[in-house]
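Student: I'm new to this structure and would like a close look at one part of it, the second largest pocket. Could you walk me through that and then show me what else is worth knowing around it?

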Amino acid sequence: MRQTCNSDGGVGSTENVQARGITLLSIFVDTPTAEPNPETKLLADFKTDTHLSKVYLAGREYLNKEGQTSVSPLVGKIMQQICTDPTLCPEYPSSFGLPEFTRRATELVLGRDCHAIVENRVLGVQTVGCTGAVRLGAELLKHWYNVSGVWCGPVYLSSPCDDSLAGIFEAAGIQDVRRYRYWDTEQRGVGVQKMMEDLEMAPEQSVIVLSASAHCPTGSDLSQKHWRLLTQLMVRCRFFPFFLLPAQGLCHGDVQQDAWPVRLCASLGMELLCAQSFSHSFGLYGERVGHLLCVLKQSSTLLAVQSQAEKQVRALWSRPSVRGARVVATVLSNPAHHVEWQEGVKSMVERGILVRERLREKLRLLGCPGSWDHLIQQGGLYCCTGLNVQQVEFLEKRRHIYLHPNGCLNPQFCLAAPPGSLQRRHTPKLAVWLCLSTHRIIRVSCLRSPLPSL
Amino acid sequence: MPASRHFCQKVPQATPVAVFKLSNDFKEDPNPMKVNLGVGAYRTDEGQPWVLPVVKKVEKLIVADNRLNHEYLPILGLPEFRSSASKIALGEDSPAIQENRVGAVQCLGGTGALKMGAEFLRRWYNGNDNMKTPVYVSAPTWENHNSVFANAGFEDVRPYKYWDAEKRGLDLAGFLGDLETAPKHSIFVLHACAHNPTGTDPTHMEWTQVAEVMKRRKLFVFFDSAYQGFASGCLDKDAWAVRYFVTQGFEMFCAQSFSKNFGLYNERVGNLTIVARDADNVRRVLSQMEKIVRVTWSNPPSQGARLVAITLNTAELFAEWKDNVKTMADRVLLMRASLQAKLQALGTPGTWDHITQQIGMFSFTGLNPKQVEYMIKERSIYLMASGRINMCGLTTKNIDYVAKSIHETVVNVQ
């Protein structure tokens, strides 16, 4: 078949694949359909559910009073300023991102006078969200944790944890991913003893992924007393802590308290990694503002580590996107903005606590068996109800209320939306009532008004 | 108790990325006459970065639009960005688009698109586990091609002959020869236009020869398209090779970057376009891409993609963008013509036609490493050791200095 090629760039006569009449197998023919990730599947099931009162409680975002994601007026104003700023140039940022951002993100976690910062043994890299930070950390561990070659694990994740975590380490080539028990169904909280038991059994120099605060997906965190015990164990067993800090400030309403475990380890002279996200605390989900913090033992290795981190970033995404990081840097470097931001975060937390308290109160009024105190003891974005798999399925299939399969939900999605609002996720005047029977499958009532009789 | 092993205890210093080092050295040079010809971005005649007027306009629209939120994008990216970006590469009337066998993944710039494509191919191309499948990149090529594929797990990344240093042009025979001898199903990374770093593209006839061998030997086509519109000033012209391969029935990947042609270097706007036999194959490929994206960056950044999507999907803005692109391309062409004319006027030894024959941002001057070193040390003119210059670093104010310096270098240093 002849092709004619014109000098003006056009292509001469062609034929399309189908007209050729030859069956050609695609080179992708062996590619199987991937299992959808659990969250995508849950949302897809919710979307195809035609029931009028359906409710989705597994969202990943913080919601405002209107039940929507939003940015604060401060952030909105700064975004406007950035847009009209003539001094900002469209240059490639460095692979480490904006220096002002990494500096502030580092200080936010460790505190400005942290020894590690003063002694110049801290590296900060702007990443594509928290996922990007974990991925970059995993790549660094794979290449450099083991002096004699590639390191393949073991890395320990909490059970449960965010369902993409294991995949991130595996994608980086770390195949040996294990779990430590974390959520205790009976206690409806962190099963510290079982957690310590599992970690005692871990090989020396294992990497342990720990949630500094606002554990995903349970919302249950260790107390300071337990953190001290855990760090003693980690020092003794020479474990390497890899912290997750996805919502600093949004757990206790206090950035210092939320980062306390990281600061504790740093103060003990430990080396560590910490993956941070600014999605929730700034409402900048789509901007993908993340940060990987590396605290090293020796400042002598800093430049070399920096060069290797750059190499890894180059092969992942080359450089991060700047917009969101610029907003965060602008807020964090201006004392007045910083204060305003912290107040905003605090009020988000207060609203979150109110919702949890309401939920607990409603359950108490209904006479639900069991204790529901864990709802207000948990903090941050998520809440683990303690419902089991069958109960969650009942809620979904029979009541059209969608939770994570592990019984976790985002309490903010239970907020009653103003009357007349049109959001799909927030039916007006809806509150979710969880009524448990220890002997029966749960029943859930969707409250319109008045209270249903049980 | 034995001493603890430290994380990164014995980390060696990585070799610095050459182009970054060059930029740093330039920054620290106090010579007021210094010129940076290593920069990888567009510069105006005042030597400044340029925010495209259409970009400024659309940014204001975005900021003013209350309906736009800051929520997570879908894992594969903004749908209207993905489809309009693919249309730009393949053409509005592409048979593949009409036959519904095109898919796309929004990525972090061109690098991100290459990364996603590489990760997919390593896992799923031609049966599982392609760690040993050879990946061919041009000699020379953008040096990050090697890292992206190696880090994705490909153990065998090799060069294919491309640049003929003696004739200062394409080594077609060598290129075709390597295509003939490559193991079947090898992956070839092709530059869609404005080859980086040589600025030398195959002619249409030469592309047809390349395509013929690749089809016969069942080699995988992976286009890298970072300069569409920027090379000739015309989007369609610059996409000729990609579109030709589609009409030849190839299945392929095309990694697109909008960093240069939109001047959105810091927003990381890229797209991986996937052309397959049919919609079912596209669907399965995209489902696997989702998994890969999920463990790399989860979902891509929204700002840049939104901007590009609005521009491409609004007729007046699209026209304005094409005009802005042409402005950039025309300035580059002007600098090429000026430099060549000045070297000829100076009687600089050698031929300098390649400066105007090459296309896009870069030119392989033909200066050897010693001459490059002389340019840097003695004249404070910064260019890559390969002799590559970025035409955007030239301005009407510095072009005389640069031309005289090249002349002096060629005459005094061999």
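Tutor: Sure, let's start with the pocket itself, bearing in mind that this is a predicted model. The second largest pocket takes up a volume of about 1,300 Å³. Its lining is made of 47 residues, and the ones closest to the centre are Glu61(A), Asn69(B), His70(B), Glu71(B) and Tyr72(B). If you want to find the walls by element, look in chain A for helix 1 (38-48) and helix 2 (73-84), and in chain B for helix 2 (53-64), helix 11 (279-294) and helix 12 (303-313); each of these supplies at least two lining residues. Helix 1 of chain A has the largest share, with five residues. As for the chemistry of this lining, 18 of its residues are polar, 15 are charged and 14 are nonpolar.

Now follow chain A a bit further. Past helix 2 of that chain comes a loop that leads to helix 3 (99-110), and Ser95(A) sits in this loop. Ser95(A) has 0% relative accessibility, so we call it buried. Its side chain has company, too: one of its polar atoms lies 3.0 Å from the backbone oxygen of Ser318(A).

Next, the enclosed spaces. Rolling a probe the size of a water molecule over the atoms shows where empty space is left. In this structure there are five cavities of 30 Å³ or more. The largest cavity holds about 500 Å³ of space. Of the 32 residues lining that cavity, Cys130(A), Asp162(A), Cys216(A), Pro246(A) and His280(A) come closest to its centre. The elements of chain A that each give two or more residues to the lining are helix 5 (129-144), strand 3 (155-159), helix 6 (165-171), strand 7 (207-211) and helix 11 (279-282). Helix 5 gives the most, with four residues. Here the lining splits into 17 nonpolar, ten polar and five charged residues.

You may have spotted the cysteines there, so what about disulfides? The count is zero over all chains. Take Cys130(A): the closest cysteine sulfur belongs to Cys274(A), and at 8.2 Å from the sulfur of Cys130(A) it is too far for a bond, because a disulfide needs the two sulfur atoms within 2.5 Å. Cys130(A) counts as buried, at 18% relative accessibility, since the cut-off for buried is under 20%. Over in chain B, the sulfur of Cys107(B) is 12 Å from the closest cysteine sulfur, that of Cys254(B), so this pair is also too far for a bond. Cys107(B) is buried as well, with 0% relative accessibility.

Staying with chain B, have a look at the segment before helix 1 (18-28), where you'll find His6(B). His6(B) has a relative accessible area of 16%, so it is buried. Its C-alpha atom is separated by 55 Å from that of Gln248(B), which is 242 residues away along the chain.

Finally, some wider context from the record. UniProt, in an unreviewed entry, lists "domain: Aminotransferase class I/classII large" for residues 63-407 of chain A. That stretch of chain A is 47% helix and 14% strand, and its end C-alpha atoms are 20 Å apart. For chain B, an unreviewed UniProt entry gives the domain "Aminotransferase class I/classII large" at residues 33-406. Over those residues chain B is 45% helix and 15% strand, with 14 Å between the end C-alpha atoms.

Terms used:
Residues are numbered from 1 along each chain as its sequence is written. Chains are lettered from A and ligands numbered from 1 in the order in which they are written. This is a predicted model: local features need pLDDT of at least 70, side-chain atom pairs count only at pLDDT 80 or more; totals for chains, interfaces and linings use all residues. Side-chain values use heavy atoms; hydrogens and water are left out. Buried means under 20% relative accessible area, exposed over 50%, partly exposed in between (1.4 Å probe, protein chains only). UniProt positions are given in the numbering used here, feature names are shortened, and annotations may be inferred rather than shown by experiment. On a 1 Å grid over the protein atoms alone, a cavity is a set of points where a 1.4 Å probe fits but cannot get out, and a pocket is an open set with protein on both sides within 12 Å along at least five of seven lines; lining residues have an atom within 4 Å of a point. Grid points are joined across faces, edges and corners, and a volume is the space filled by probe spheres set on the points. Ala, Val, Leu, Ile, Met, Phe, Trp, Tyr, Cys and Pro count as nonpolar, Asp, Glu, Lys and Arg as charged, and the others, Gly among them, as polar. A polar contact is a pair of N or O atoms within 3.5 Å; within protein, one must be able to donate a hydrogen and the other to accept it, and residues adjacent in sequence count only if both atoms are side-chain atoms.
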